[in-house]
Structures are given as structure tokens and as C-alpha cells.
Amino acid sequence: MNKTIRHTSVFVLLLVLALLVRATWVQFHDSKALADDQLNRRNAIEQYAYPLGDIIVGGEAVTGSKRTKGGDLAYKRTYKDGPLYSAVTGYSSQVYGATQLEGIYKDLLDGTDNRLKNPLDTLTNKRADPGDVLTTIDPAVQKAAYKALGDKKGAAVAVDPKTGKILGMVSTPSYDPSRISGSTDGDAWKALTSDEDKPMVNRALRQPLPPGSTFKLVVAAAALESGLYGSVDEKTASPNPYTLPGTRTVLKNENSSAPCEDATIRTALRYSCNNVFAKMAVDLGQDKVKSQAEKFGFNTDKLDVPVRAAKSSYPSGMDKAQTALTGIGQFDVTATPLQMALVSAAISNGGELASPHMVSKVTDADGNVLRDFGDEGSERVMSAGTAEGLQSAMKTVVEEGTGTNAKIDGAVVGGKTGTAQHGENNSKTPYAWFTSYAKGGDGTEVAVAVIVESSDAARSEVSGNGLAAPIAAAMMRAALR
């Protein structure tokens, strides 16, 4: 054979082998990645070829599907009261994907979840009828929170302390997921994603901010659990004014005439005495405060409800002055409204923190339960005695202290206000917080946390009691109805 022909034959053979190797690699290694690629339009065509399953609130679907006109995507997602439930449902878009419950349960809702298939469907790869997602959300609590927040920027969460069921979750300003569910909603998407108020951010779960004085509950729990103080009525060693250790900075109290010097934990919570809890954090040391905070759920990035919550943080490696500031929920302490609701929930539930969740069960098209989340269990985060003392002290805050706007006739209510600094040298409008619990005469309980980031109130009128407590009261009243 001619030398040139032989070399050419070998080269062609190598090319064929390379093609075979590449084809085999794509077929057996890259096939799933290519099939799952968001840019693969066949996925969208398959997903929206039939009506989707629904997300259920209070026994009624808050989602639906609508036949489209023309195009290769037969159906698109619709929402009932979209802005009211967007923090729960998220969105399902033909172009931009899916978030929140829509994203987590996409396979169940579009019928591709293997749990929906019978043996014959599995063999034939037939698409099953879609399933449904049943939530723990109470429509009355959800509506009360949404109405009370109104045009304020903020968020609110309500939790059943006994079971961990999330009864309400609202983030404002909100948006209507129907606006971006189709294939020609580019203008609406651009408007939402460029909005300075970030209406698509779930502030209840995904935006941790300084919790201010609501964090004093965590510090008080640490002090009681460690034995630094024996009860909420024991006097503390708290000079007033208090100078941050190693500095000349004097920490002031909001109410200069409040009896904060050496105040008990009950009195210090009632008047929200900064000197008491700053000094208490230093006396405890950052490690003990951190340990108690982590029992409540701080510093974990794996809090799934089932939507993953952003990490609420308690810092490490601080000097004493910085540790003092953490005692009043400042410096680098951050928390989501969900996290602060869990603090009140654990206190209300005798020191046990029930696992939070907002899905009760998922079912197939016939209503057969595929998974029942039920009571996911609880963990003791403080003694029953500590919880009882803090319940009593929080009750004093509502009845005689800074949280009087949370009172509810016929119910036992305890709470804690918070006003957190915002911006360099507190140059921006402070955040107004309120976290609380309520117990009805029939044994019903609820725990709530509310943050108002901004409103039309004057800066001098921004307070946890003035802005956030009435919202919490509306939610608790709805839960106890």
C-alpha cells in the first residue's frame, strides 16, 4: 500500500474512533445534563404540555393553569390572589424557571415525579397526572398580615409553636407571579428585577437584618440557662450609663428615665434597657451567647421549610465592646423574621423548638398521600423553667411595657419590641421589629415576628410598638379566632 494512502487511512480511522468515543460520552455521560439544561426548550414544552398540579391553601387551590393561544407551550401557570401568596408559592415561568414551592415541587406539579407513576407508566415512560402540594398556611392569618403590612416594606411570619406549622408568610412589596408566567413577559420581568424595592425577594426567609432589641430574648435565655441569673426577677449587675469595655462610648437607653440600673431581666425587657443586655452579653462571653443563639437556629445555612431560609448570624472573634453590642442585636448580628418567630415559638412551647415547615403533605392526582410531613419533631433549646420565666417577662412587656399595641382581648400575649440601627451611624430610617406569642383560651397558640423596613411614618415615630406590634396583633388575632 502506498505510504500516503496508509497514513491517510490511519488518520481517518482515528477520526472515526474519536467520533464514536464522543458520541458514546454524550449518550451515556452528558445526556442527563443536556436534558436538564434550562436552555433545552423541549423541557419547557414537556412541562407546559398539560395543566400543572396545584398549590393548596386552606383546602383551595391558589394556582391554576390556562390554555395558551398558539406557540408550542400549551399551558401557562395562573395564580389566584398572586400578590397575597407569592412569598409562599413563588413563580413558575415558561421562560425564567420556577422558585419557592413551585420550584421545589416542579416534578410533582408537572407529573414527572416517579412517585406518581404506576408500574406500567414506568415501563412506557408515560407522563402521569400531576400531584398537588398542600400547605400549612392559614388564609385568615395570611390575609391579616398582608392587609396590616399594606404599603410598608417589610415581612411577617406566624408559626404554630406546638407543631412548627407556618401559618402565615408575607413579604411586601409583593408581586403577581401571573405577570411573568408566560413566554412574552420580558418587560414585566425587567420591571420587577430592576425595582429598587425588590418585590421578588422573600424578606420573611431570605433577607436577614439586624434584629435590634428582639435579640435580647436570646441573651436573656443564655443568662438564665448558664446560671448567670437565677430568675427573671433577680437584680442584675448593670451600671447605668454603661460604657462599652475598652472605649469611651457610652451606651444610652431609649428612655433615659427608665429604671434600668441593676434592673431585673423582667424590668429590662419591659423598658428595653440597653445597658443591662450589653453588660449581660459581656458577662456571659460571646461563646455562651453564640451557643444559645445556635440552639434557636442561628448560624445554620440548612434551615429548609422546605424553601431554604438565609442564615441568621451571630458572629465570632469579637472584642468585649463588640460583644456588648451583640447583646442588643447590633454589630454583626442578623436575623430573618422566620428566625425571630422561632425564638418566640420556643419560649411559648416550654423551651422546645418544633421543626418549622409550610407544607403539610403532597398527594397524587387522586388525593393519595405521597408524603405526610406532619409533626417533624422538636428539640429542647432551653429548660421549661427558663421558658416559663421569659413567657412571664414578655407578658409584662405587652401589658405594662413597650409592646402595649399587641394586646388582644381574651388572650395571653407576650412580646418584645426592637428598633435596629440602619445605615452608617444610623443615618437611615431604623428597622422596626416585634416578636411575640399568644395563647387562646382553647389552647391555641401562635408565635409571630414582624419587621417593617420602611414606611411613611416619620423617623421619630419609628418603633417596634408603633409600626410592627399592630401587624403582629392582627396576625395573632386571626390565628386565635
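Which residues of S17 lie on one side and which on the other, and are they buried or exposed? Select strand S17, residues 431–439. Tyr431, Trp433, Thr435, Tyr437 and Lys439 are on one side, Ala432, Phe434, Ser436 and Ala438 are on the other, and all are buried. Buried here means under 20% relative accessible area, whereas exposed means over 50% and partly exposed lies in between, with a 1.4 Å probe and protein chains only. The strand as a whole is mostly covered, with 9 of its 9 residues buried. In a regular strand the side chains alternate between the two faces of the sheet.

**Before continuing**

The model is predicted: local features need pLDDT of at least 70, side-chain atom pairs count only at pLDDT 80 or more, and totals for chains, interfaces and linings use all residues. Residues are numbered from 1 along each chain as its sequence is written, and side-chain values use heavy atoms, with hydrogens and water left out.

Display the whole protein, which has 17 helices and 18 strands. These elements are DSSP runs numbered from the N terminus: helices are H or I with at least four residues, and strands are E with at least two. Of the 481 residues, 51% are buried. Among contacts (heavy atoms within 4.5 Å) with a separation of 6 or more, 67% are between residues 24 or more positions apart.

**Stop 1: the sheet around S17**

Add the other strands of the open, antiparallel sheet of 5 strands, whose order is S9-S8-S18-S17-S16. Two strands pair if DSSP finds at least two bridges between them. S9 (166–172) and S16 form the edges, each pairing on one side only. On average, neighbouring strands of this sheet are turned by 10 degrees against each other, direction ignored. Axes are lines fitted to C-alpha atoms, for helices over the stretch in contact, and angles run from 0 to 180 degrees between N-to-C directions.

Next, select S16 (residues 412–420), which pairs with S17 in the antiparallel sense over 9 bridges. Valine 412 has lysine 439 of S17 as its bridge partner. Lysine 439 is in turn the bridge partner of glutamate 445 in S18. S18 (residues 445–454) and S17 are antiparallel over 8 bridges. Their hairpin has 5 residues between the strands, and there glycine 443 takes a positive phi near 90 degrees.

At the other side of the sheet order, select S8 (residues 153–159), which is joined to S9 by 6 bridges and runs antiparallel to S9. Alanine 156 is the bridge partner of valine 170 in S9. Helix H7 (residues 139–149) packs on the sheet and touches S8, S9 and S18, its direction making about 25 degrees with that of S9.

**Stop 2: helices H10 and H13**

Select H10 (residues 216–226) and H13 (residues 286–296), whose axes come within 9 Å and cross at roughly 110 degrees. That makes H10 roughly perpendicular to H13, a class that spans 65 to 115 degrees; under 35 counts as roughly parallel, over 145 as roughly antiparallel and the rest as oblique. Show the side chains of Val218, Val219, Ala221, Ala222, Glu225 and Ser226 of H10, which make the contact with Lys288, Val289, Gln292, Ala293 and Phe296 of H13.

**Stop 3: a second sheet**

Finally, select the open sheet of 5 strands with the order S2-S1-S7-S13-S14 and mixed pairing. The edge strands S2 (60–61) and S14 (369–372) each pair on one side only. S1 (residues 55–57) and S2 are antiparallel over 2 bridges, and isoleucine 56 stands opposite alanine 61 in S2.
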